[in-house]
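Here is a short report for someone meeting this protein for the first time. Take a look at the chain, then read on.

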Amino acid sequence: MTRAAGRGVDALRPIRLEANPSAYAEGSCLVAFGDTQVLCAASVEEGVPAWRTPGGSGWVTGEYAMLPRATHTRGARERTGPRGRTQEIQRLIGRALRSIVDLEALGPRTVIVDCDVLQADGGTRTASVTGGCVALAFACRKLASEGLIERSPLRGLVAAVSVGLIGQEVLLDLDYREDVAARVDMNVVATADGNLVEVQGTAEGDPFPRTDFERMLDLAERGIHTLASRQRALLDGLVP
């Protein structure tokens, strides 16, 4: 398959991370993976959910939504609550972000990271994790600068990327057209130091061998390394 703009099989789409585009959120990031754009905004609330065991530690969670015209045809707003796909994605975002946070150091407060898809061209969940991490880092800096916490609770960075198998080729960071054509697609979430947080992989038809899984995972790790470098450059010393 010929990729858009002559992109190599192992190349990310053009990546853009814009710091704090929201005037009101404690931290925010506009992230673009090619034509996919997601606004991530981190809000801090005092207290933790009622089901959390009292003990002074905090909580980080994610919410995900897509604007009606984020896609080629209008999608209805989810006014009666998130649908199954939305719930699955926002749980992924929450798990990914909690993997890099010292919840005790956060104290008895909750950080909600809203990820709103402005435009979708594949990879909305991976862009959300990558941009959400940046928004969270800015929110933690604000808490520390205001003296509400002694230090940033961030222990590192987390990012995510998709990979897929089309024919015999492994492709990095699938756009929508590639995602539809892939016989295997996989989303990989990992920390900047290379530890895996989550791997979601699906064969759309025939099963695939472990060797292909390892090829995809290797390419995803390279992509996440690049994404983490972009995050770190923007955050400039805010994370270990």
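The report goes from the whole chain to two helices and then to single residues.

**The whole chain**

This is a predicted model. The protein chain holds five helices and nine strands. Their order along the sequence is β-β-β-β-α-α-β-α-β-β-α-β-β-α. The radius of gyration is 18 Å, close to the 18 Å that the globule rule gives for 240 residues, so the protein chain is as compact as a globular protein of that length. Along its principal axes, the C-alpha trace spans about 55 × 40 × 35 Å.

How much of the protein chain is buried? Buried residues account for 48% of the 240 residues. Contacts reach along the sequence too. Take those between residues at least 6 apart in sequence: 71% of them join residues at least 24 apart.

The surface comes next. The protein chain exposes about 11,500 Å². Carbon and sulfur atoms supply 49% of that area. As for charge, the protein chain has 27 positive and 31 negative charges. The mean positions of the two sets are 3 Å apart.

**Helix 1 and helix 3**

Two helices can be checked for length. At 1.5 Å a residue, each has an expected span to set beside the distance between its end C-alpha atoms.

| Helix | Residues in helix | Expected span | End C-alpha distance |
|---|---|---|---|
| Helix 1 | 15 residues | 21 Å | 21 Å |
| Helix 3 | 22 residues | 32 Å | 31 Å |

For helix 1, the end-to-end distance agrees with the expected span. For helix 3, the two values agree as well.

Helix 1 covers residues 84-98. Its buried residues are T86, I89, Q90, L92, I93, G94, A96 and L97. What do these buried residues pack against? Their partners include one helix, helix 3 (124-145). Strand 4 (59-66), strand 5 (109-119) and strand 6 (158-166) are also partners. So are strand 8 (184-191) and strand 9 (196-203).

Helix 3 is itself mostly covered. Of its 22 residues, 18 are buried. G147 follows helix 3 and has a positive phi, near 75 degrees.

**A buried glycine in helix 5**

G223 lies in helix 5, which covers residues 210-235. Is G223 buried or exposed? With a relative accessible area of 2%, G223 is buried; the cut-off for buried is under 20%. Leaving out residues up to four places away in sequence, G223 touches L12 and L172. Q119 gives a sense of distance. G223 and Q119 are 104 residues apart in sequence, and their C-alpha atoms are 22 Å apart in space.

**Two residues with positive phi**

Most residues other than glycine have a negative phi. Which way does phi go at A5, positive or negative? A5 is not a glycine, and its phi is positive, near 60 degrees. D173 also has a positive phi near 60 degrees, and it too is a residue other than glycine.

Their settings can be set side by side. A5 sits in the segment before strand 1 (15-19). D173 is in the loop between strand 7 (169-172) and helix 4 (176-181). A5 is exposed, at a relative accessible area of 91%, whereas D173 is buried, at 0% relative accessibility. Exposed means over 50%, so A5 falls in that class.

Conventions
Residues numbered from 1 in each chain as written. Predicted model: local features only at pLDDT ≥ 70, side-chain atom pairs only at ≥ 80, totals over all residues. Heavy atoms only, no water. Helix = DSSP H or I, 4+ residues; strand = E, 2+ residues; numbered from the N terminus. Rg over C-alpha atoms; globule rule 2.2 N^0.38 Å. Buried < 20%, exposed > 50% of the residue type's maximum accessible area, 1.4 Å probe, protein only. Contact = heavy atoms within 4.5 Å. Areas by Shrake-Rupley, 256 points an atom, 1.4 Å probe, with all protein chains shown as cover. Lys, Arg positive; Asp, Glu negative; His and termini not counted. Charge placed at Lys NZ, Arg CZ, Asp CG, Glu CD. Expected span 1.5 Å × (residues − 1).
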